[in-house]
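Visitor: Could you take me slowly through one part of this structure, beginning with a single residue and then following its surroundings outward?

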Amino acid sequence: MVQRRLLTPPPDRSEQDGFAHLGPVRMCVGCRKRAEAADLVRVAVRQDDNTPQLVVDVARTVPGRGAWLHPRRDCVTAAVRRKAFPSALRAPGLTVDPDDLAEAIGEITEEDGRRGRNR
C-alpha cells in the first residue's frame with residue numbers, strides 16, 4: 001500500500017480539499033474526503049461463527065482490510081446508506097447498524113479525548 005505525504009497542495013487543488021497533510025492520508029468511506037489517518041477511525045471485520053462483524057480497531061492492529069471513517073454520525077450514516085462497508089472491507093453479507101457503530105465510535109473518541117477537537 002502506498003502512503004502519501006503531501007506537504008503542499010497540488011496546483012489544481014486547494015488546502016480546503018484536505019491536502020497539505022503531514023501524516024498518512026486516508027479517505028473516509030462516509031463523506032469520501034481525504035484526511036490524516038490520525039483524524040479518522042479504522043474499522044475492520046472480525047469473523048465470529050462464520051458471520052462477519054464490524055469492529056472498531058482502536059489500536060489499528062486488527063489483521064485484514066480496514067476502512068477509515070470520520071468519528072461523526074453523518075459520515076457513519078452516509079457510509080451505511082451507500083453500503084460502503086461490505087465493498088471497502090470485501091466482506092459480502094456484512095450488515096451494519098448505523099446507531100450501534102456511531103455509539104461505538106462515540107465511546108472511543110470520548111475515551112481518547114478527541115471529542116472536543118475541531119473536525
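Guide: With a relative accessibility of 8%, His70 counts as buried, a word that stands for under 20% relative accessible area, while exposed stands for over 50% and partly exposed for the range in between (1.4 Å probe, protein chains only). Please keep in mind that this is a predicted model, in which local features need pLDDT of at least 70, side-chain atom pairs count only at pLDDT 80 or more, and totals for chains, interfaces and linings use all residues. Residues are numbered from 1 along each chain as its sequence is written, and side-chain values use heavy atoms, with hydrogens and water left out. The term pLDDT is the predictor's confidence in each residue, from 0 to 100; the chain has a mean of 81, and 73% of its residues reach 70 or more.

His70 sits in the loop that lies between strand E5 (66-69) and helix H1 (73-81), where helices (H or I, at least four residues) and strands (E, at least two) are DSSP runs numbered from the N terminus. Apart from neighbours within four places in sequence, the contacts of His70 are Cys28, Cys31, Lys33, Ala35, Asp39, Leu40 and Cys75, a contact being heavy atoms within 4.5 Å.

On one side of this loop is E5, which belongs to an open sheet of 3 strands in the order E4-E3-E5, with antiparallel pairing. Strand E4 (51-56) and E5 are its edge strands, each pairing on one side only, and two strands pair if DSSP finds at least two bridges between them. Between strand E3 (residues 41-48) and E5 there are 4 bridges, and Val43 has Ala67 in E5 as its bridge partner.

On the other side of the loop is H1, in which Cys75, Val76, Ala78 and Ala79 are buried. These four lie on the same side of H1, because they cover an arc of only 165 degrees around the axis, the arc being that of the directions from the helix axis to the C-beta atoms. The face of H1 turned away from this buried side carries the exposed residues Asp74 and Arg81.

Leu69 shows how these elements meet: among its contacts beyond four places in sequence are Val29, Val41, Cys75, Val76, Ala79, Phe85, Leu101 and Ile105. Val29, in the loop between strand E1 (25-27) and strand E2 (34-36), counts as buried because its relative accessibility is 10%, and its contacts beyond four places include Ala67, Trp68, Leu69, Ala79 and Phe85.

Both Val29 and Leu69 are named among the residues that touch the most other members of the largest nonpolar core, which has 26 residues; such a core is a set of buried Ala, Val, Leu, Ile, Met, Phe, Trp, Tyr and Cys residues joined through side-chain atoms within 4.5 Å. At least two residues of this core come from each of E3, E5, H1, helix H2 (84-88) and helix H3 (98-112), and H3 gives the largest share, 4 residues.

One further detail lies just after H1, where Lys83 takes a positive phi of about 55 degrees. Although Val29 and Lys83 are 54 residues apart in sequence, their C-alpha atoms are 9.6 Å apart in space.

A last caution concerns residues 115-119, over which pLDDT stays under 50. Where pLDDT is low, the predicted coordinates should not be read in detail.
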